[in-house]
Protein chains: 2
Amino acid sequence: MLTIGAVAAQTGLTEHTLRYYEKIGLLDPVPRGPGGQRRYREQDLRWLEFLLRLRATGMPLRDMLAYAEQRRVGNTAESLALRRKLLAAHADKVAEEIAVLQSTLQLLQGKIDIYRGWEASLPLSYQLDKE
Amino acid sequence: MLTIGAVAAQTGLTEHTLRYYEKIGLLDPVPRGPGGQRRYREQDLRWLEFLLRLRATGMPLRDMLAYAEQRRVGNTAESLALRRKLLAAHADKVAEEIAVLQSTLQLLQGKIDIYRGWEASLPLSYQLDKE
DNA sequence: ATAAAAGTTGGAGTGCACTCCAACGCAAGC
DNA sequence: GCTTGCGTTGGAGTGCACTCCAACTTTTAT
């Protein structure tokens, strides 16, 4: 049973953000101890860590919210199919994004090498073509 | 010599954004035709396309601006070294981001397969563990 | 018992990257 | 030569995802 501070430390989120995620419905209401303070369970932490991976791969909160809402619906055939589709759509976007990053990484490495060349041979001869 | 509309169509940016990029200094002031309308040159387009690849890989405008400002400085040894470092730092981030995306893509594919399994065998048996 | 640290709420504020608006000026096609 | 639409400016507004504030309560450490 973790306090909000402990969860913040473990996940790298701020306490503000944890409360915010709960407020908007990304997290189910976290159980409270005496005095009304949040006590996070293992399962809350696991769910949060999954959300963070969605976030790290660029999924907007809006989409995470749609997934969270389906989780609350329960395991009906429709809900399971919908959740699978949400994840599959995101997986496609991630794959596409990987391709974009890889091609640009190559471009960058090419440019970096050109800079290295310019810096090695004196740059005087290149005043004209400033790419 | 392209009009702002033509450049917008080619790059996918809006005309608003093109003016905005010029206003903040990402683009050098674009030459104007009679009447003050922008006429983009080939070099403006090439620079813009490079910026778009930086943007597509998550570089903030602030950093693109730093690079653009160094380009204006000219090809001094210091400026070339600085620009190379800016690109190298970004390349590192991109490589890191690719790693994150790839590991999460695997996770997603695993989860998608689990959903497929649930949907195939009737989901009744899984009411307890709603991951 | 008390002081310091950690937690609570609703609501306002922030930074980024656009995005749109009003009011107007030029340009290309018929 | 007139209309239709493309272009101009400064400045205000938007959506996202936090982030902070004020005023307060609860918990923990000494």
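What follows is a walk through two protein chains and two DNA strands, from the protein interface to the DNA and then to a few salt bridges.

This is a predicted model, so to speak of a local feature here takes pLDDT of at least 70 and a side-chain atom pair counts only at pLDDT 80 or more, while totals for chains, interfaces and linings use all residues. Residues are numbered from 1 along each chain as its sequence is written, chains are lettered from A and ligands numbered from 1 in the order in which they are written, and side-chain values use heavy atoms, with hydrogens and water left out.

Let's begin where the two proteins meet. Here 42 residues of chain A are in contact with 43 residues of chain B, contact being heavy atoms within 4.5 Å. About 4,100 Å² is buried between chain A and chain B, with carbon and sulfur atoms giving 66% of that; buried area is the accessible area (1.4 Å probe) that two parts lose on being put together, summed over both. The count of salt bridges between chain A and chain B is two, where a salt bridge is a side-chain nitrogen of Lys or Arg within 4 Å of a carboxyl oxygen of Asp or Glu. Arg84(A) and Glu119(B) form a salt bridge, with their closest N and O atoms 2.7 Å apart. On the side of chain A that touches chain B, α3 (42–56), α4 (61–73) and α5 (77–120) of chain A each supply at least two residues. The largest share, 26 residues, comes from α5(A). Helices here are DSSP runs (H or I, at least four residues), numbered from the N terminus. By class, that side of chain A has 22 nonpolar, seven polar and 13 charged residues; Ala, Val, Leu, Ile, Met, Phe, Trp, Tyr, Cys and Pro count as nonpolar, Asp, Glu, Lys and Arg as charged, and the others, Gly among them, as polar.

For a view from chain B, pick Leu108(B), which is found in helix α5 (residues 77–120) of chain B. Leu108(B) counts as buried at 0% relative accessibility; buried means under 20% relative accessible area, exposed over 50%, and partly exposed in between (1.4 Å probe, protein chains only). Leaving out residues up to four places away in sequence, Leu108(B) touches Phe50(A), Leu54(A), Leu87(A), His90(A), Ala91(A) and Val94(A).

Now for the DNA. DNA strand C is surrounded by 21 residues, and the closest are Arg19(A), Arg38(A), Tyr21(B), Pro34(B) and Arg55(B); a residue is near a strand if one of its heavy atoms lies within 4 Å of it. Of the strand C atoms within 4 Å of the protein, 76% belong to sugar or phosphate and the rest to bases. α2(B) gives the most to this surface, with four residues. One polar contact (a pair of N or O atoms within 3.5 Å; within protein, one must be able to donate a hydrogen and the other to accept it, and residues adjacent in sequence count only if both atoms are side-chain atoms) puts a phosphate oxygen of strand C 3.3 Å from a polar backbone atom of Leu61(B). Another phosphate oxygen contact of strand C, at 3.4 Å, goes to an N or O atom in the side chain of Arg62(B).

DNA strand D is surrounded by 21 residues, the closest being Tyr21(A), Pro34(A), Arg55(A), Arg19(B) and Arg38(B). Sugar and phosphate make up 78% of the strand D atoms that come within 4 Å of the protein. α2(A) gives the most to the surface near strand D, with four residues. An N or O atom in the side chain of Arg55(A) lies 2.7 Å from a phosphate oxygen of strand D, and for Arg32(B) the separation is 3.3 Å.

Finally, some salt bridges within chain A. Glu15(A) and Arg19(A) meet in one (3.7 Å, N to O); because they are four residues apart in helix α2 of chain A, about one helical turn separates them. Arg32(A) and Glu22(A) form another (2.6 Å, N to O). That pair links distant parts of the chain, ten residues apart: Arg32(A) sits in the loop between α2 and α3, and Glu22(A) in helix α2. Arg32(A) is partly exposed at 41%, whereas Glu22(A) is buried at 11%. Glu22(A), Arg32(A) and Arg38(A) are linked in a network of salt bridges.
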